[in-house]
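Subject: Structure handover

Hello,

Here is the structure I said I would pass on. My notes follow below it.

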Amino acid sequence: MNLDAEAERKLVERLKRRDEAAFNAFVRLYQDKVFALVNRMLGNRAEAEDLAQEVFITVFRSIDSFRGDSRIGTWLYRVAVNHCKNRMKYLDRRSTKGHDAIEDAPETQMTEGGPVTSRVDRPDEAMEGTEIEKKIQAALASLDEDHRTLIVLRDLEGLAYEEIVTITGLPDGTVKSRLHRARAALRDAIERGVGCKLPE
């Protein structure tokens, strides 16, 4: 549910007054979107749950810095993306293993809030679907953070280019050209993961 401009303005005013009821309403309004975003960026449900909470705490503490140049949801996504980039850097530094965290994730993680979901009845098809989801999630996780960010924002979250420009701070042409390269890189990574060419 998106608020109209007037309802959003009033909500922001209440948030700036540190109105607890307004903050709770804000969290209810955006928590699923923020969690989906950070889960797709990080590929780790437990990390995503922690980080989503941190995003809302940051918003509550820094709401006075919101100038209203964009929608509050766009600003929230920018905060979330910046948190994700910082967390990915931290996880990369902390990781001493030579494999992706995605390989250690429980299988349910791949179907809850991930980029692909499947609804199949046959166990063999369910197993195959889960394996494909793991490969796609691993391919997404293998992208550099800028490419992953653009794929998640545009192709998985469905944001408009104008919103992505605001969130990333990149010019429109740069967003489009990097997204083109990101999609090609993702395709290559998926093809390596599944061991065959994807249909055009």
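Salt bridges

A search of the whole structure finds 16 salt bridges, a salt bridge being a side-chain nitrogen of Lys or Arg within 4 Å of a carboxyl oxygen of Asp or Glu. Before the details, a note on the source: this is a predicted model, in which local features need pLDDT of at least 70 and side-chain atom pairs count only at pLDDT 80 or more, while totals for chains, interfaces and linings use all residues. Residues are numbered from 1 along each chain as its sequence is written, and side-chain values use heavy atoms, with hydrogens and water left out.

Arg9 pairs with Glu6 in one of these salt bridges, with 2.5 Å between the closest N and O atoms. Both residues sit in helix α1 (residues 5-16), 3 residues apart, or about one turn of the helix. Helices here are DSSP runs of H or I with at least four residues, numbered from the N terminus. Arg9 is partly exposed at 39% relative accessible area, and Glu6 is partly exposed at 38%. The cut-offs are under 20% relative accessible area for buried, over 50% for exposed, and partly exposed in between, with a 1.4 Å probe and protein chains only.

Asp19 and Arg14 form another salt bridge, and their closest N and O atoms are 3.1 Å apart. Asp19 is partly exposed at 22% relative accessibility, as is Arg14 at 29%.

The salt bridge between Lys85 and Asp146 has its closest N and O atoms 3.2 Å apart. This pair links distant parts of the chain, since Lys85 is in helix α4 and Asp146 is in helix α7 (residues 145-156), 61 residues apart. Lys85 counts as buried, at 18% relative accessibility, whereas Asp146 is partly exposed at 33%. Salt bridges that share partners also join Glu6, Arg9 and Glu13 into one network. As background, side chains of opposite charge can pair when their charged atoms come close.

Nonpolar core

The largest nonpolar core has 51 residues, and those with the most contacts inside it are Phe26, Tyr30, Leu37, Phe56, Ile72, Leu76 and Leu153. Such a core is a set of buried Ala, Val, Leu, Ile, Met, Phe, Trp, Tyr and Cys residues joined through side-chain atoms within 4.5 Å. At least two residues of this core come from each of α1, α2, α3 (45-62), α4, α6 (123-142), α7, α8 and α9 (172-194). The most come from α2, which gives 12 residues.

Leaving aside neighbours within four places in sequence, Tyr30 is in contact with Glu8, Phe56, Ile72, Gly73 and Leu76. Contact means heavy atoms within 4.5 Å. Glu8, one of those partners, lies in helix α1 and is buried, with a relative accessible area of 7%. With the same neighbours within four places set aside, Glu8 is in contact with Leu3, Tyr30, Ser70, Arg71 and Ile72.

Second largest pocket

This pocket has a volume of about 230 Å³. On a 1 Å grid over the protein atoms alone, a pocket is an open set of points where a 1.4 Å probe fits, with protein on both sides within 12 Å along at least five of seven lines, and lining residues have an atom within 4 Å of a point. Grid points are joined across faces, edges and corners, and the volume is the space filled by probe spheres set on the points.

The lining of the second largest pocket consists of Asn2, Leu3, Glu8, Tyr30, Lys33, Arg71, Gly73, Thr74, Tyr77, Leu159, Glu163 and Ile167. By class, it has 5 nonpolar, 3 polar and 4 charged residues. Ala, Val, Leu, Ile, Met, Phe, Trp, Tyr, Cys and Pro count as nonpolar, Asp, Glu, Lys and Arg as charged, and the others, Gly among them, as polar. Helices α2 (20-42), α4 (72-94) and α8 (161-168) each supply at least two lining residues, and α4 has the largest share, with 3 residues.

Two further residues

Arg18 is not a glycine, yet has a positive phi of about 65 degrees. Arg18 is placed in the loop between α1 and α2 and is partly exposed at 33% relative accessibility.

Glu54 lies in helix α3 and is partly exposed, at 33% relative accessibility. Neighbours within four places in sequence aside, Glu54 is in contact with His83 and Arg87. The C-alpha atoms of Glu54 and Val79 are 9.9 Å apart, with the two positions 25 residues apart along the chain.

Regards
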